Amino acid sequence: MTAFKSDFLRELEWRGFIHQISSPVEPLDDLAKHGQLTAYVGYDCTAPSLHVGHLLSIMMLHWLQEYGNRPITLMGGGTTRVGDPSGRDETRKLLTYDQIEANKDAIRRTFRPEFVRFGDGPRDAIMPDNAEWLTRLNWIEMLRDIGRHFSVNRMLAMDSVKLRLERDQEMSFIEFNYMILQAFDFVELNKRYDCRLQMGGSDQWGNIVNGIELGRRMGTPQLFALTCPLLTTASGAKMGKTASGAVWLNADMLSPYDYYQFWRNTEDADVGRFLKLFTTLPKSEINKLEALGGSEINEAKKVLATEATALLHGRDAANKAAETARRTFEEGALAESLPTVEIPRGELDAGVGVLNAFVKAGLVASNGEARRQIKGGGLRVNDEAVTDEKMALSAGNLTPEGVIKLSFGKKKHVLIKPA
């Protein structure tokens with residue numbers, strides 16, 4: 001392990017956040033040690049919620065502030081109009097300006113005080129929007145003042161471009177310019193807020209380094225880059241994907257209970273790693289939980305689920321989710337606080353196909369997925385295995401509580417309720 005001097009970098013290293021860090025490290029370490037480091041992470045507004053993959057960078061901002069430094073959560077109101085080509089085989093759909101603004105407003109709700117604290121103090125977080133400066137750029141001036149510092153040869157060698165071209169996938173001119181805008185963000189944030197560090201996922205390394213180089217050419221102080229790994233589970237799956245889609249952070253897109261269950265279902269081999277990355281528990285407690293084996297590992301999973309949910313949704317919501325899970329799985333009770341989807345009474349009276357019902361409930365992504373799960377015995381209605389894919393749910397399936405309980409496996413449940 002590197003002998004960092006700052007608590008911030010030592011914490012990140014112990015918890016497993018550091019994938020790459022730019023040289024020289026010593027000046028960055030010194031800034032962090034003396035509480036003089038301002039760092040940012042950019043979040044494009046491509047959806048009305050961030051997802052669990054964004055939590056790594058959010059937690060890095062948390063630890064930055066925890067050790068006396070200043071975080072910037074940059075909203076990409078400008079860059080979203082262009083679309084980041086990184087890691088994609090096709091052009092992102094261009095959103096309307098109204099959609100971008102709506103997404104930005106929804107994303108802001110993610111940054112609870114448990115993650116980062118905003119305010120007017122010298123170490124309080126700020127949330128600027130890059131539309132403030134990007135939309136004011138004059139095209140000719142941008143070409144002369146910024147574009148002249150970029151080599152097309154080098155841009156073509158960037159993974160976000162090279163991989164697309166190697167696969168004979170079209171890249172639009174607007175996407176090709178994304179890296180220039182992101183680099184300029186770094187320079188502008190340094191100019192406005194003395195920001196010296198950009199953090200992000202490892203797929204952003206090239207874009208961040210471009211910003212460092214642009215800063216050098218435009219006369220900024222030394223800028224720095226730090227990236228975290230793009231996580232996969234111990235079994236090799238991309239983290240944050242489920243049968244029903246992305247694990248969203250906003251409660252209106254994924255309930256606190258489902259969020260709790262996502263963490264509760266963590267593979268045994270990932271528990272210790274995820275406790276370090278996605279909770280603020282101290283080292284001593286994490287070490288104790290990591291040492292648990294056998295069936296006791298389930299207690300560590302419950303702690304992980306509760307602490308991760310409390311950070312995002314608050315302690316009350318986390319405790320409620322934990323209690324719902326306990327009643328459902330340990331007592332076999334039909335907990336009223338399970339996620340609920342309403343279906344119009346008339347539609348239910350006419351009969352709702354079981355495949356469609358599981359898709360509407362968000363337990364599976366498609367009718368095809370529902371069919372595959374039925375063949376494997378994975379879907380149940382009111383705790384009875386579904387064997388007929390042509391089965392229709394109706395008012396006759398309502399329990400005495402007035403709901404229909406749909407289950408995917410042993411731990412994912414949704415209640416269907418007539419509206």
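Two strands pair if DSSP finds at least two bridges between them. In this predicted model, β10 and β13 meet that condition, with 3 bridges in the antiparallel sense. Within that pairing, V381 stands opposite L406 in β13.

## The sheet that holds β13

β10 and β13 belong to an open sheet of 5 strands, ordered β8-β14-β13-β10-β11, with mixed pairing. The edges are taken by β8 (340–343) and β11 (384–385); each has a single partner strand, so one side of each is left without a neighbour in the sheet. Strand β10 (residues 379–381) is joined to β11 by 2 bridges, and the two run antiparallel. V381 has E384 as its bridge partner in β11. V381 is thus placed opposite L406 in β13 and paired with E384 in β11.

Strands of a sheet pair through backbone hydrogen bonds, either parallel or antiparallel. β13 and strand β14 (residues 412–418) run antiparallel and are joined by 5 bridges. K405 stands opposite L415 in β14. The hairpin of β13 and β14 has 3 residues between the strands, and G409 there takes a positive phi near 70°.

How many of the 5 residues of β13 are buried? The count is 5 of the 5, so the strand is largely enclosed by the rest of the structure. In a regular strand the side chains alternate between the two faces of the sheet. In β13, I404, L406 and F408 lie on one side and K405 and S407 on the other, and all are buried.

V403 lies in the loop between β12 (392–393) and β13 (404–408). With a relative accessibility of 8%, V403 counts as buried, because the cut-off is under 20%. V403 and P418 are 15 residues apart along the chain, and their C-alpha atoms are separated by 7.3 Å.

## The sheet that holds β4

A further open sheet of 5 strands has the order β1-β5-β4-β2-β3, also with mixed pairing. β1 and β3 (70–76) stand at its edges, each with a single partner strand, so one side of each is left without a neighbour in the sheet. β4 and strand β5 (residues 224–228) run parallel and are joined by 5 bridges. Here M199 stands opposite L226 in β5. Helix α3 lies across β2 (38–44), β3, β4 and β5, and runs at about 155° to β2.

The strand pairings with a stated bridge count are set out below.

| Strand pair | Bridges | Direction | Opposed residues |
|---|---|---|---|
| β10 and β11 | 2 bridges | antiparallel | V381 and E384 |
| β10 and β13 | 3 bridges | antiparallel | V381 and L406 |
| β13 and β14 | 5 bridges | antiparallel | K405 and L415 |
| β4 and β5 | 5 bridges | parallel | M199 and L226 |

## Helices

The axes of helix α1 (residues 7–15) and helix α3 (residues 55–66) come within 9 Å and cross at roughly 145°. The crossing of α1 and α3 is right-handed. F8, E11, L12 and R15 of α1 make the contact with M60, W63 and L64 of α3. By class, this contact has 5 nonpolar, no polar and 2 charged residues.

Helix α13 (residues 271–278) has 7 of its 8 residues buried, so it is largely enclosed by the rest of the structure. Those buried are V271, G272, F274, L275, K276, L277 and F278. They pack against α1, α3, α12 (256–264), α14 (283–290) and α15 (297–313).

Helix α10 (residues 178–193) is mostly covered, with 13 of its 16 residues buried. At 1.5 Å a residue, its 16 residues should span 22 Å, and the end C-alpha atoms are 22 Å apart, which agrees.

## Loop residues and backbone

Most residues other than glycine have a negative phi, and most peptide bonds are trans. D194, just after α10, takes a positive phi of about 55°. D194 is in the loop between α10 and β4 (197–201) and is partly exposed, with a relative accessible area of 39%. The peptide bond from S23 to P24 is cis, with omega near 0°. P24 is found in the loop between β1 (20–21) and α2 (25–33).

A125 sits in the loop between α4 (97–108) and α5 (131–134). Its relative accessible area is 2%, and A125 is buried. Leaving aside residues up to four places away in sequence, A125 touches Q65, P71, V116, R117, F118 and G119. The C-alpha atoms of A125 and L61 are separated by 9.0 Å, with the two residues 64 apart along the chain.

Terms used:
Residues numbered from 1 in each chain as written. Predicted model: local features only at pLDDT ≥ 70, side-chain atom pairs only at ≥ 80, totals over all residues. Heavy atoms only, no water. Helix = DSSP H or I, 4+ residues; strand = E, 2+ residues; numbered from the N terminus. Buried < 20%, exposed > 50% of the residue type's maximum accessible area, 1.4 Å probe, protein only. Contact = heavy atoms within 4.5 Å. Expected span 1.5 Å × (residues − 1). Axes fitted to C-alpha atoms, helices over the stretch in contact; angles between N-to-C directions. Left-handed = near helix turned anticlockwise from the far one by under 90°. Nonpolar A, V, L, I, M, F, W, Y, C, P; charged D, E, K, R; others polar.
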